[in-house]
Amino acid sequence: MPDTEQGGSMRRGRNESEEERADRMWTELIQEVRVAQMGVQILFGFLLTVVFTPTYDGLSGTDKNIYIVTVVLGACATGALIGPVTLHRLVSGRRIKPQAVQWASQLTLLGLALLLVTTSSSLLLILRVATQDDYVPYLVAGVVFWYLLCWFGLPMWARHRHTTRR
């Protein structure tokens with residue numbers, strides 16, 4: 001359905017005003033963030049406990065460094081994925097919801113990228129501790145490729161393939 005001018009506001013394919021569209025997009029974004037938040041918070045929670053286990057003292061210096069980087073990345077991912085909630089709370093009622101949706105979307109994408117790196121570095125640490133084999137970096141690289149394909153490749157392909165040009 002083409003854009004039409006009705007009642008002074010631009011209509012889109014769903015026949016909704018800019019405010020209605022922002023409300024819908026906000027609701028969809030928050031549902032997406034809930035899924036990612038759950039994953040990052042569970043992972044981060046488990047990571048926080050590792051330092052208090054007897055096994056931690058036996059880790060090599062490299063593994064401890066990987067652990068520290070992983071925990072910091074997890075904290076950053078948690079912050080970015082909780083950020084949209086705080087953003088909404090602080091700008092609610094200020095009549096800037098379309099902009100807030102854009103900002104929250106960017107925070108969510110950043111959070112997902114940080115979650116990808118956190119999960120990958122967690123996997124690297126676990127596999128380094130579980131096995132001393134030289135194939136660990138290849139396994140992790142394969143999983144990173146899989147994440148990139150599932151989280152970004154397929155969505156970007158679908159976006160390119162199925163988005164109509166105006």
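**Close-up 1. Contacts of A104 in the predicted model**. Leaving aside neighbours within four places in sequence, A104 touches W26, L29, P84 and L87. Contact here means heavy atoms within 4.5 Å.

**Close-up 2. The largest nonpolar core**. A104 is one of 10 residues in this core. The others are A22, W26, L29, I30, V33, L87, V91, A100 and V101. Three helices each give two or more residues: α1, α3 (61-91) and α4. The biggest contribution is that of α1, with five residues.

**Close-up 3. The largest pocket**. Its volume is about 1,200 Å³. The lining has 32 residues. Nearest the centre lie M25, L29, E32, S105 and R159. Elements with two or more lining residues are α1 (18-50), α4 (97-130) and α5 (136-162). The largest share is from α1, at 12 residues. L29 belongs to this lining and also to the largest nonpolar core.

**Close-up 4. Residue classes around the largest pocket**. Of the lining residues, 16 are nonpolar. Another 10 are charged, and six are polar.

**Close-up 5. The second largest pocket**. This pocket holds about 220 Å³ of space. Its lining is made of 13 residues. L47, V50, S122, L125 and I126 sit nearest the centre. At least two lining residues come from each of α1, α2 (54-57) and α4. By class, 10 are nonpolar and three polar. No charged residue lines the second largest pocket, whereas the lining of the largest pocket includes 10.

Technical notes. Residues numbered from 1 in each chain as written. Predicted model: local features only at pLDDT ≥ 70, side-chain atom pairs only at ≥ 80, totals over all residues. Heavy atoms only, no water. 1 Å grid on protein atoms, 1.4 Å probe; cavity = no way out; pocket = protein on both sides within 12 Å on 5 of 7 lines; lining within 4 Å. Points joined across faces, edges and corners; volume = space filled by probe spheres on them. Helix = DSSP H or I, 4+ residues; strand = E, 2+ residues; numbered from the N terminus. Nonpolar A, V, L, I, M, F, W, Y, C, P; charged D, E, K, R; others polar. Core = buried A, V, L, I, M, F, W, Y, C linked by side-chain atoms within 4.5 Å. Buried < 20%, exposed > 50% of the residue type's maximum accessible area, 1.4 Å probe, protein only.
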